[in-house]
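Trainee: I've got a model open and I'd like to talk through its hollow spots and a sheet. Can you take a look with me?

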Amino acid sequence: MLSYIVRRLLYTPLIVVGVLLVTFLLFRVVQGDVSSDIAGKNASPETIAEIRKEYGYDKPLIINTEAARERGVLAVFDSQFFHHFKSALTLDFGRSRSKQKISTLLMEGAIPSLSLTAPIFLGLLITSVSLSMLVALRRGGPFDTSVVVVCVMGMSLPILATILFGQYFLAHKLGWFPVFGYEPGLAGAKYFVLPALLGMLAGLGGDVRFYRTVMLDEIQSDYIRTARAKGQGTLRILYKHLLKNAMIPIISKVVLAIPFLFLGSLLLERFFGIPGLGYLMIEAIGARDSQVIMALTFIISILFVLGNLATDVCYALVDPRVSLN
Amino acid sequence: MYRAAMFTGSLVATLLLTVAFVGCGESGGNSEGSENGSGSAADRGPLVTYSATSAKVRGMDPMDIGDTTSSGVASGIYDCLYQYHYLKRPYELIPSLAAAMPEVSEDGLTYTIKLRGDAYFQDDECFKASGGKGRKLVAEDLIYSWKRIANIKNISKNWWIFDGRIKGFDEFREYTKAVKDKKDVDYDRPVEGLEAVDDLTLRITLTKPWPQVVFMLAHLPTAAVPREALAHYGDEFLNHPVGTGPYRLKDWRRGSKIILERNPTYREELYPSEGEPGDEEAGLLADAGKRLPLIDQIDISIIEEDLPLWLKFLAGDLDISGIPKDNFDTAITPSRELTPEFREKGIVLKVYEEAATYWYGFNMEDPVVGKNQPLRQAMNLAIDRDEFLTLFLNNRGVPARGVLPPMIAGYDKDINSPYTVYDPELAKKKVKEAEAVHGGPLPVITLTMGSTDSTARQLGQWFARSYERVGITLEVEYMDWPTAQEKVKTKSAQMYAMGWVADIPDAENFMQLFYGPNGSPGPNNMNYKNPKADALYQKLSVMEDSPERHELIREMQQIVVDDLPCVFTLHRVAFILRYDWMKNYKPHVFGYGLGKYRNLDAELRRQRVGR
Amino acid sequence: MGFVERGYWETMLMSDTPIIEIEDLAVSFPVPDAAGRGRRFDAVKRVNLSVYPSQTLAVVGESGSGKSVSAMSILQLIPTPPGKYESGKIIWRGDGSSAEAGSDGTDLLKLNDRQMRRIRGNQIAMIFQEPMTSLNPVYTIGEQITEAVLLHQAVNKSQANQIAIDALEDVGIADPASRLKEYPHQLSGGMRQRVMIAMALACQPNLLLADEPTTALDVTIQAQILELLRTLQNQKQMAVLLITHDLGVVAENADTVAVMYAGRVLEYASVFDVFQRPLHPYTRGLLLSMPVLGKSNERLPTVMDGATVPEDFPSGYVVQPHTIDPNPPGGYGGPDARLYEVESNHWVLCEPTAGNTDAKPAHPRLAFKRDSVAEAVGG
């Protein structure tokens, strides 16, 4: 296992280079020079030229032969691609349009985003997996049917409606939760309760339906019957025997979702005033702040690469039949 | 917030109209408060006012500020040479960092400005020589601050303020271009037109007369910043503001909250003792002569969505708020008054006109619309502006018949503009004429919308239907704002949604939009060109304000409404709600940094909402 | 064509009470009709069976005849819903309190899940047909065997491990200690079934339900497993309910035989009687359909066509195409058919008629045990 992880990690730089190439193509070659965007209206040509310099658009795309002739061989790397490369690898993505340090923005935003999405994610995972196991246990019965109906209804309900309902009735009318707010640290936990619940509510339908299918596949397996014949209790059967066998599809789904946790939940963040990355991303897209978008894309891609490795390792951990070679 | 951007960004999409808050801009950073009349504020703890803004503050370096939200907040921290009188109307400038209004030379080229000697930068660790004690502001500080804007390495958006105006300043900018690194720029390099005669005397020499310069010296980007702060904080200066203003930054949780607290070393500045008629009765002079600021702390939440903002206001967590479109009917009666239910809560409504005009511009270089005056007349005639206001703005606006909004000197409510009214029958006749001019049936006209949301689509459909009724086929294309702007700038949009929010209370600010040489990518994005108008603009732009100048403005406006390079739609009217515990509230459409005037009846607030 | 020579047999009365008695068991499942409306279908009905300690009852029948449902009902393993226990009793006398002779026993169908769990895997264990899938693929053999041990016995982990090792040794697995750490997929099919048996026997149950334990295995392994089961049964005086459709297996292992079809027990007698004197035409057909070595060129007879429920059996049913005299007491089918003791200790499903009214339907008990040296020889 360890050697497999090491081997996979050795491949990772190659993948990172691939990601860099793709983001470079997207943000430097396809999108092209955004200096005039940055300059805004009525900018003079010299301002635009200065921005081109600042953002390196005045440099050749891949290699700088001219600089190499003038300043020696190493200057051949003084190109857009290698600067892109360097900024990504050092996680120093430069500054946003508003001249804020992008790495700071990302770090500041990731914490509130994760404070919201991680509880939603974990809560949703535990609830939907548990619920789906119970539903699978009572398949065809009235409990199963009603859960399926509620799930479909939940899925059809737009998240916006859920949010408006929660914020207006639960927080404003009934006063069960604060309407809006954010504090860093534990003091702010109370502000996260309602958005986290609403986020879970919004995701529950789809998740339960997905996991229910997974569980139904497994619960009819013979080993479940064997476990019951052994005298094992229902809960132990579900959480020990069923769950571990259902882990492969669960892991696949879960690991794919993790990188997106960093992006936060745009609507929940906006409505509940959580200063996360969701808004940063939307704002960056709206303003075509390619530096920020590139940084986000790069980080999410890397998380995906690591996530895939984690998926394989987790597969091997839960299922002895999977061998990592 | 529709004052979307100050000078630089005053072009706004008409669509922004649908956003209903004056959460920032006017009320933006500057909510209210005051010690209550009884004067025992000390034992009640600090007076804190709560307000919200709907956009995030990006940074607080005056050099880079271009949006209303950041302006609203930073203006509490920074001072300019001049400021608007809080109460007087029409709007009037008074000294801020300056000791008096400038002495202007005969030829209108030299401005000599005396500084008051009692303005200090707030205490900050960047003042290492004095162990963190704030230093006295001197004339050099202003020159340094402006040179930062000129330094091309800083890529400031605000260079247009000085561009071509001050002697030797463009050469300084030229010089910075050649410097390799922005750290190497020599700020001590002399600029002929910017001279610190002594510590407290500043002399500005212009390249040509420019009466509006005083307004610019009240514009936040020209505020004074200390060199020490830049040396200390470098690129992070935008997160560590150090100013001379009434407040200083206490806490900034990016994206969620900004707290300003009283600057203890703020110079002695007093609440005005005179205003316009009615101010006294409105209680606006109750604090006359008191030392500013009146409130100890300004707490600004960033609330992007309407619903939570509205709910927070209703709960009394915010002292002031705009009215979301969806909630308008619950708060305002059809006769434009506050509903009794709201009045009982102690909520007060203030309605005021904004200094803005919105229109749908034509690209005058377009072979179809640009060359066909009857077509443009028809397209103006076909629009029912009242219906537009009802459908899309809860009637929060008045129809626009010309360029200037009501409060700008030169506005003419009886303007001779027979085509900026709704007359479908006349429009149909004009369409016939237009076909004759065009030499055949009219082609499809394309309208570019800089938004893709549902309101934009409804607007587009409404326009298409209005034109269909008079025989004009309109096709609407929807795209994001930057893309639409790009189309406009490259003259490839035929017709597009646009607007202008005045930066200064002067008609020139609008008239520049119709000056030929300002064509795209300049502010005249309609690429309108009329030699008579150009000649008038050249004259009025360098004149001191006077009745003769007003006449020139009127003449130029008349030429524009005769040519109709756009479909004028409306001027906005703002509806602001506040609780009665917030004192000294008077809307101001140009000024920022008004928080220092506001006061708060904390006792009343406690009674009403227990806070 | 005798499979079993009577001379090898000894009948003997064992303990006078069966360890388990199934009385009038009926279990139903929903069968949605075309309109989607739920109709319920009795998967087993009026099933009456009993097993004595150390006796082997073979339940034979084709797929869907209700063999497995009957066995799983004993442990309440039928998922409810969708299944439902409609009626009947399953009297269990295998637990300590009710082991004494004459005890009324416990009705397993009346136990709740908690009580049932004390019996499952402990007093009554079950092994299943599919050794490939009946073991949990993600746990080691050791974890799975000790799971049952730890559940039912007051032992610690290492003691449980020792029990598991012993159990594996008992079923003839070499190097059991290292096998404990292996996963099911690392074992062959025969090994897995041995593991299943070891797992079932680790808690020394009084009754073993063996649901087609050898069907999935090849013939050599099959013989080994059955031999193993027999040996263990004799060592531990364990009752076995052996479910199979393989008459050869029945002939070699069973003491008593119940023939099931479509959820009903058609015939219930000693293995000798069933093979030598089959009374129900279905049983006769079944025996005829056994391939006989040397006669394989002949087309095997069809046992029964068409009918799926005994209610549908025609009165005076005759197995076609064979013309065996049905000799029914009345008819074999019909809604009122019950098991009647048509001959001594030979029970057959028939309709009540004037001829057998005095032979009252009852809960059959067959206290037979074949001689331990007896070999039932398959033909």
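Trainee: Which chain C residues line the second largest cavity?

Mentor: Keep in mind that this model is predicted. Chain A puts T226(A), A229(A) and K230(A) into that lining. The rest of the lining is what you're after: G121(C), A125(C), M126(C), I127(C), A148(C), M196(C), M199(C) and A200(C).

Trainee: And which elements give two or more residues to that lining?

Mentor: Look on both chains. Chain A offers α10 (222-229). From chain C, you get β6 (124-127) and α7 (189-201).

Trainee: How many of those lining residues are nonpolar?

Mentor: Take away the others to get there. Two are polar and one is charged. That leaves the nonpolar ones, and they number eight.

Trainee: What about the largest cavity, which strand gives the largest share of its lining?

Mentor: That cavity holds about 280 Å³ of space, and 24 residues line it. Nearest its centre are S75(B), Y82(B), Q83(B), A218(B) and Y592(B). The largest share, three residues, comes from residues 82-84 of chain B, and that's strand β2.

Trainee: Now the open sheet in chain B: which strands are at its edges?

Mentor: Four strands run in the order β1-β10-β9-β8, with mixed pairing. An edge strand here pairs on one side only. That points to β1 (48-53) and β8 (247-253) of chain B.

Trainee: Which residue stands opposite A52(B)?

Mentor: β1(B) and β10 (residues 297-302) of chain B pair in the parallel sense over six bridges. Look in β10(B) for the partner of A52(B), and you'll find S301(B).

Key. Residues are numbered from 1 along each chain as its sequence is written. Chains are lettered from A and ligands numbered from 1 in the order in which they are written. This is a predicted model: local features need pLDDT of at least 70, side-chain atom pairs count only at pLDDT 80 or more; totals for chains, interfaces and linings use all residues. Side-chain values use heavy atoms; hydrogens and water are left out. On a 1 Å grid over the protein atoms alone, a cavity is a set of points where a 1.4 Å probe fits but cannot get out, and a pocket is an open set with protein on both sides within 12 Å along at least five of seven lines; lining residues have an atom within 4 Å of a point. Grid points are joined across faces, edges and corners, and a volume is the space filled by probe spheres set on the points. Ala, Val, Leu, Ile, Met, Phe, Trp, Tyr, Cys and Pro count as nonpolar, Asp, Glu, Lys and Arg as charged, and the others, Gly among them, as polar. Two strands pair if DSSP finds at least two bridges between them.
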